[in-house]
Amino acid sequence: MEARPAPPDWLLEQGLNGHSLPVYVHAGGCWNTGKNSKGISQDQARRALADGTKACPHCRPDTALRMLD
């Protein structure tokens with residue numbers, strides 16, 4: 001039996017189609033991620049938040065990244 005890879009630390013949830021803007025940044029393991037989420041690096045998560053992508057209101061990645069207003 002092969003070990004499963006560890007879940008990503010950060011996720012970017014895309015909109016319903018491939019051309020829409022991202023919906024949320026999530027902390028890895030968030031229960032509220034959509035099906036169109038992909039793993040991203042910490043720098044990518046910070047950049048997405050700085051560029052206006054919303055932080056998930058449930059897992060609060062902006063708090064974990066210390067990017068509060």
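A residue counts as buried when its relative accessible area is under 20%, as exposed when that area is over 50%, and as partly exposed in between. The tour below relies on these words throughout. The model on the screen is a predicted one.

**Stop 1: the whole chain**

Begin with the entire protein in a cartoon view. Two helices and four strands are present. Followed from the N terminus, the elements come in the order β-β-β-α-β-α.

Now show the C-alpha atoms alone. Along the principal axes, they fill a box of roughly 45 × 30 × 20 Å. A compact globule of 69 residues would have a radius of gyration near 11 Å, and the protein, with 12 Å, agrees with this.

Next, switch on the surface. About 5,200 Å² is exposed, and carbon and sulfur atoms supply 50% of that area. Of the 69 residues, 28% count as buried. Among the contacts with a separation of 6 or more, 47% are between residues 24 or more positions apart. If the charged side chains are coloured, 8 positive and 7 negative charges appear, and the mean positions of the two groups are 3 Å apart.

**Stop 2: the sheet**

Select the four strands and hide the remainder. In what order do the strands lie in the sheet? The order is β3-β1-β2-β4, in an open sheet with mixed pairing. At the edges are β3 (37–40) and β4 (54–55), each of which pairs on one side only.

**Stop 3: strand β1 and its partners**

Select residues 10–13, which make up β1, together with residues 24–27, which make up β2; these strands run antiparallel and are joined by four bridges. Locate W10 and look across to β2, where A27 is its bridge partner. Then move along to E13, which stands opposite Y24 in β2.

Turn to the other partner of β1. Strand β3 also runs antiparallel to β1, and four bridges join the two. Here L11 in β1 faces G39, a residue of β3.

Now display the side chains of β1. In a regular strand, the side chains alternate between the two faces of the sheet. W10 and L12 point one way, while L11 and E13 point the other way. Are these four residues buried or exposed? All of them are buried.

**Stop 4: strand β4 beside β2**

Select β2 and β4. These strands run parallel, and two bridges join them. The pair to highlight is V25 and A55: V25 stands opposite A55 in β4.

**Stop 5: T53, ahead of β4**

Select T53, which belongs to the loop between α1 (42–50) and β4. Its relative accessibility is 14%, so T53 counts as buried. Which residues does T53 contact, leaving aside its neighbours within four places in sequence? They are L12, P22, V23, Y24, V25 and A48. Two residues in this list have been visited already: Y24 stands opposite E13, and V25 stands opposite A55.

**Stop 6: I40 in β3**

Move to I40, a residue of strand β3. With a relative accessibility of 10%, I40 counts as buried. Not counting residues up to four places away in sequence, I40 touches W10, L11, L12 and A45. W10, L11 and L12 belong to the group of buried β1 residues shown at Stop 3.

For a distance to display in the viewer, choose the C-alpha atoms of I40 and L65. These residues are 25 positions apart in sequence, and the C-alpha atoms are 13 Å apart in space.

**Stop 7: two arginines with positive phi**

Finish with R60 and R66. Select R60 in the loop between β4 and α2 (61–64). R60 has a positive phi of about 50°, although it is not a glycine. Is R60 buried or partly exposed? Its relative accessibility is 35%, and R60 therefore counts as partly exposed.

Pass along α2 to R66, which is found in the segment after that helix. The phi of R66 is near 55°, again a positive value in a residue other than glycine. R66 counts as exposed because its relative accessibility is 76%.

Conventions: Residues numbered from 1 in each chain as written. Predicted model: local features only at pLDDT ≥ 70, side-chain atom pairs only at ≥ 80, totals over all residues. Heavy atoms only, no water. Pairing = 2+ DSSP bridges. Buried < 20%, exposed > 50% of the residue type's maximum accessible area, 1.4 Å probe, protein only. Rg over C-alpha atoms; globule rule 2.2 N^0.38 Å. Contact = heavy atoms within 4.5 Å. Areas by Shrake-Rupley, 256 points an atom, 1.4 Å probe, with all protein chains shown as cover. Lys, Arg positive; Asp, Glu negative; His and termini not counted. Charge placed at Lys NZ, Arg CZ, Asp CG, Glu CD.
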